[in-house]
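Okay, thanks for coming, everyone. I've got one structure to walk you through today, so let me put it up on the screen.

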Amino acid sequence: MDKFTNSAWFMRIVAFALAALLFISINFEMESDKKSLGLSTAPEISTETIENVPVEVYYDRENLVVSGVPETVDVTLKGAKSLLINAKNQRDFKVYVDLSDPAISMGDRTVTFKISELNEKLVATIDPEYAEVNVQERVTKEFSVEAEYNSSLLEEGYTAGQPTVSPKTVKITGAKDAIEQISYVKANLEISKGLNETVNSKATVKALDRDLNKLDVTIEPSSVAVSLKVSIPSKTVSIAPKQTGKAKDGIRITSISVDPKEVTLFGSETSLEKIDEINLPVNISKIDGDTELELDLNKPDSVQKMSLGKAQVKIRTEKVDVDEENAEPVVEEEDPETEQKQEEQVVEEKPEPEEEDEAAAIESKTFNDIQIVPVGIRDDQDAELESDVTSITLLGEADDLKKITKDDINLTVDVSNLDEGTHDVDLAVTVPEGVEWELDSKTVSVTITQKDEET
């Protein structure tokens, strides 16, 4: 035994065994360390679902229309976790449907989704796996556009014309079947509040079938300009001053006049038909002498608005004895019998003329730089007159002409129903009774412009 243990071979065998044990021990420890540090040589397999991955469709876009392909799909990937994380973050792969074959036939078909540019070490599953698509011939056709709006939003008294569009036609492109279903092409004017002024806006164009369902087509242009003219009927009536109250002792009212003599009313036609004048009450109880007042005009309830809110009133008086009977003022209506008696009394008191008076000579008087006042300007418009002053010649008896001043002459031009642009409009002339008038021109050029919208 001692001889065997002391032999060279025994020592070699022992040394080899010790070396083998040492190798196994060291290798075991290294594997343990790798596992504890996550450095295992075998990769960890995992799965990851990526949602809403866009789908690309390859086909002849110039001649075909493809419908039915979903915009996105869900992709589940399986493989090494490190590769999954990279694929999810980068999304450098593509999901597509290939219909690029020139020989493809029209109609319905089932197509599968494909994936490209994905790491070959990953396995992909697409949900859904396939899609039912429809392939149609691509058609482009021109259609007329009809504008529409909610007429119930018109405020009381206002009227609207037919809305106009620009351009009047659009080109619609889509599948042949869809184009054949088009029954209406509408541009709906969006209005969110009461409608009381002209509207100029953009409206989106929609193609609808006979059941008013929106069709999946391409419209060029996709929106059009829509104009809706909104107006309100108007009527110009006289302003009638009406005396109220009782004059002070010793004061007689000889005349009451108003400037301007007319006002333009705006409202429904039925309401305006019933109004011939606007009464302006004038209280004379505090008048001590000749007076000028600015009084508010009362708007009738049936009228939407008036061109004026106030008017100037001139009151002329004379001093009389307290015991003298007050004469009725010019503006009050008198009893016909009373008027007749007064006239008879005047005739009796008037001395008989020795001979008939010759006919009074007609004279003329010219007033320069008489202001022309535009009335009825809408809130969304500006009105510019080519000339806002003119000259007028009055014809009448000399005594009448001497009493007339510029303040007794009223020139107006009604612009309430004018559209944007330049127009020749008749002048409205108001002068004292008993005189005639002449103008170099009975019209004036008026330019209407839209006010800039506030931003």
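Let's start with a lysine. Lys 88 comes out as partly exposed, because its relative accessibility is 37%. One thing to keep in mind as we go: this is a predicted model.

So what does Lys 88 meet in a salt bridge? The partner is Glu 48, with 3.0 Å from N to O between the two side chains. Lys 88 sits in helix H3, residues 81-90, while Glu 48 is over in strand E1, so to speak a long-range pair: they're 40 residues apart and link distant parts of the chain. Glu 48 is also in the partly exposed class, since its relative accessible area is 28%.

While we're on E1, let's look at its neighbours. E1 covers residues 45-58 and pairs with strand E3, residues 72-80, in the antiparallel sense, over eight bridges. If you want a spot to click on, Pro 54 has Thr 72 in E3 as its bridge partner. E1 pairs with strand E4 too, residues 94-98, but there the sense is parallel, with four bridges. Val 55 is one to pick out there, as its bridge partner in E4 is Val 95.

E4 brings us to another salt bridge. Lys 94 pairs with Glu 117, and the closest N and O atoms are 4.0 Å apart. For a salt bridge the cut-off is within 4 Å. Lys 94 is in strand E4, and Glu 117 is in the loop between strand E6 (114-116) and strand E7 (123-127), 23 residues apart. Is Glu 117 buried or exposed? It counts as exposed, because its relative accessibility is 54%, whereas Lys 94 is partly exposed at 32%.

Next, the sheet further along the chain. Three strands make an open sheet in the order E19-E24-E22, and the pairing is antiparallel. At the edges you have E19 (251-259) and E22 (291-296), each pairing on one side only. Neighbouring strands in this sheet are turned by 25 degrees against each other on average, ignoring direction. Between E22 and E24, residues 310-319, there are six bridges, and Leu 295 has Ala 311 in E24 as its bridge partner.

Those two strands share a salt bridge as well: Asp 296 and Lys 310, at 2.3 Å from N to O. Asp 296 is in E22 and Lys 310 is in E24, so the pair ties together parts 14 residues apart in sequence. Both ends are partly exposed, with Asp 296 at 47% and Lys 310 at 41%.

The salt bridge count for the model is ten. There's also a network of them, linking Glu 146, Glu 148 and Lys 186.

Now a mixed sheet. Five strands form an open sheet ordered E9-E13-E14-E16-E11. Its edge strands are E9 (146-148) and E11 (164-166), and the twist averages 40 degrees from one strand to the next. E11 runs antiparallel to E16, residues 223-228, with three bridges, and Thr 164 stands opposite Ser 227.

Two last stops. Thr 173, in strand E12 (169-175), counts as buried because its relative accessibility is 13%, and its side chain makes a 2.7 Å polar contact with that of Thr 140. Finally, Val 14, Leu 18 and Leu 21 make a nonpolar surface patch of about 280 Å². Val 14 belongs to helix H2, residues 8-36, and is partly exposed at 32%.

Technical notes. Residues are numbered from 1 along each chain as its sequence is written. This is a predicted model: local features need pLDDT of at least 70, side-chain atom pairs count only at pLDDT 80 or more; totals for chains, interfaces and linings use all residues. Side-chain values use heavy atoms; hydrogens and water are left out. Two strands pair if DSSP finds at least two bridges between them. Helices (H or I, at least four residues) and strands (E, at least two) are DSSP runs, numbered from the N terminus. Axes are lines fitted to C-alpha atoms, for helices over the stretch in contact, and angles run from 0 to 180 degrees between N-to-C directions. Patches are made of residues with over 30% relative accessible area and no salt bridge: like charges are joined within 9 Å, nonpolar side chains (Val, Leu, Ile, Met, Phe, Trp, Tyr) within 5 Å. Accessible areas come from the Shrake-Rupley method with a 1.4 Å probe; for residues, only the protein chains shown count as cover. Buried means under 20% relative accessible area, exposed over 50%, partly exposed in between (1.4 Å probe, protein chains only). A polar contact is a pair of N or O atoms within 3.5 Å; within protein, one must be able to donate a hydrogen and the other to accept it, and residues adjacent in sequence count only if both atoms are side-chain atoms.
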